[in-house]
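Me: Please justify the descriptive terms applied to this model, setting each value against its criterion.

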Amino acid sequence: MQFDRNNLPSALVDQVNHMPKIELHVHLEGATQAQVFYNLAQKNKLDFGVKSLEEWQSFFAFKNFGHFLKVYTLAITALKKPEDYTYIITEFYRQQAEQNIVYSEAFISASFIIQKFETPTILDAIEKGIQEGSEKYGVKINFIPDISRELVDTQMAVVDFVIEGYKRGLFIGLGIGGPERGFPPELFIKAFEKGKKAGLHLVAHAGETEGPKSIWGALNALGAERIGHGVRSLEDAKLIDFLTTKQIPLEISPSSNYALGIVKSGEMHPIRKLLDLGLNCTINSDDPAMFSSSLSQEYFLLLKQGFSCSELYQMNLNALAVSFANPSTKLDVQKQLKTYEKERIVFESIDI
Ligand SMILES: [Zn+2]
């Protein structure tokens, strides 16, 4: 299935581009462009085993899940110095602003950070990136460091790192990401309990490569307030009932699901089914640089699957409602949305 925005009427494309957007599930490192990693590798005299930027870009392009993990692990080795984080965070603000994403919650792979840096030094660098980025681009981003599931033993060091950052107003919550298979939520109870006590919001990737059991674990064992992906909840009617009754938000990332084969190419994305069942869904880009996507592209993809602009806008409103933004940020974003609502010329959908 081809998701080419060129086939969409330009009025619809404009409508998405001008919509002030909210994103709740995007990874800082996965949003960092191949060129940025390449620049950092050059600066840090790191050998990526390629002869040129073009060669690196073609290696970086998504091929399959195994290759994706290989690229991710190699790319982040370029983040050798604390100031490298300042750089990628500032870049991230620029990219979000460019797409008119006015509020984001973004993951940082903390299990790698705590192995490489002293907490105060790296927090200083992150703070600098946040200050520079928000001043320059005027968008609001709250960060949620996450534990990489395969690095179970890093969990307590990660939660301590997150609590330190939280006290400094840099972070807002704790998550788990990385390979779901073989690393169930129950392994991370201790870190999540400590995080909750400290006042952190809690989220978890679940129901992506693993089934409903993983989502139940994220909810019951970890107390996750939102589920990253969760598309496989459809395999369990009781779970669907629970998620609907409690209106637990799902952070849906269509391109990521297609790229990783969670949803087969050519099939409609299950978000339609989830919405029809009454689940609280939001739209997200996950690792946009690695999947050659963007939040706007996610909207275009869904428009091409028959969604109306109003439905997408509603999911955008859902995202703000279930975000961890403080009341004054929410108010500020609501004002921008009201202005958009007044100015927009409603052009609903295309015929498919
Ligand atoms: Zn993710």
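Me: What is the handedness of the crossing of H8 and H9 in this predicted model?

Reply: H8 and H9 cross in a right-handed sense. In the prediction, the residues in contact are Gln155, Met156, Val158, Val159, Val162, Ile163 and Tyr166 from H8, with Lys190, Ala191, Lys194, Gly195 and Ala198 from H9. Sorted by class, this contact of H8 with H9 holds eight nonpolar, two polar and two charged residues.

Me: Why is H8 called roughly parallel to H9?

Reply: Helix H8 (residues 155-167) packs against helix H9 (residues 189-198) at an angle of about 15°, and their axes are 9 Å apart. Angles under 35 degrees count as roughly parallel, so H8 is roughly parallel to H9.

Me: Why are H1 and H14 described as oblique to each other?

Reply: Helix H1 (residues 10-18) and H14 pack at an angle of about 140°, with 10 Å between their axes. Roughly antiparallel requires an angle over 145 degrees, and roughly perpendicular covers 65 to 115. The angle of about 140° meets neither condition, so H1 and H14 are oblique to each other. The crossing of H1 past H14 is right-handed. Leu12, Val16 and Asn17 of H1 make the contact with Ser296, Tyr299, Phe300 and Leu303 of H14. By class, five nonpolar, two polar and no charged residues take part in the contact of H1 with H14.

Me: What makes H2 and H3 oblique to each other?

Reply: The axes of helix H2 (residues 34-43) and helix H3 (residues 53-60) cross at roughly 130° and come within 10 Å. The range of 65 to 115 degrees is reserved for roughly perpendicular, and over 145 for roughly antiparallel. With roughly 130° outside both, H2 and H3 are therefore oblique to each other. H2 passes H3 with a right-handed crossing. On the H2 side, Ala34, Gln35 and Tyr38 meet Leu53, Trp56, Gln57 and Phe60 of H3. This contact of H2 with H3 has five nonpolar, two polar and no charged residues.

Me: Why do E1 and E8 stand at the edges?

Reply: Eight strands form an open sheet, ordered E1-E2-E3-E4-E5-E6-E7-E8, with parallel pairing. Strand E1 (21-27) and strand E8 (281-283) each have a single partner strand, so one side of each lacks a neighbour in the sheet. From one strand to the next, the twist averages 25°.

Me: How do you know that E1 and strand E2 (residues 101-109) are joined?

Reply: Two strands pair if there are at least two bridges between them. Five bridges join E1 to E2, and the two run parallel; the criterion is therefore met. Isoleucine 22 stands opposite tyrosine 103 in E2. Helix H14 (residues 295-304) packs on the sheet, where H14 touches E1, E2 and E8, and the direction of H14 makes about 120° with that of E8.

Me: What makes the protein as compact as a globular protein of its length?

Reply: The secondary structure of the protein comprises 16 helices and eight strands. For 352 residues the globule rule gives 20 Å, and the radius of gyration of the protein is 19 Å, close to that value, so the protein is as compact as a globular protein of that length. Along the principal axes, the C-alpha atoms fill a box of roughly 55 × 45 × 40 Å.

Notes: Residues numbered from 1 in each chain as written. Predicted model: local features only at pLDDT ≥ 70, side-chain atom pairs only at ≥ 80, totals over all residues. Axes fitted to C-alpha atoms, helices over the stretch in contact; angles between N-to-C directions. Helix = DSSP H or I, 4+ residues; strand = E, 2+ residues; numbered from the N terminus. Left-handed = near helix turned anticlockwise from the far one by under 90°. Contact = placed C-beta atoms within 7 Å. Nonpolar A, V, L, I, M, F, W, Y, C, P; charged D, E, K, R; others polar. Rg over C-alpha atoms; globule rule 2.2 N^0.38 Å.
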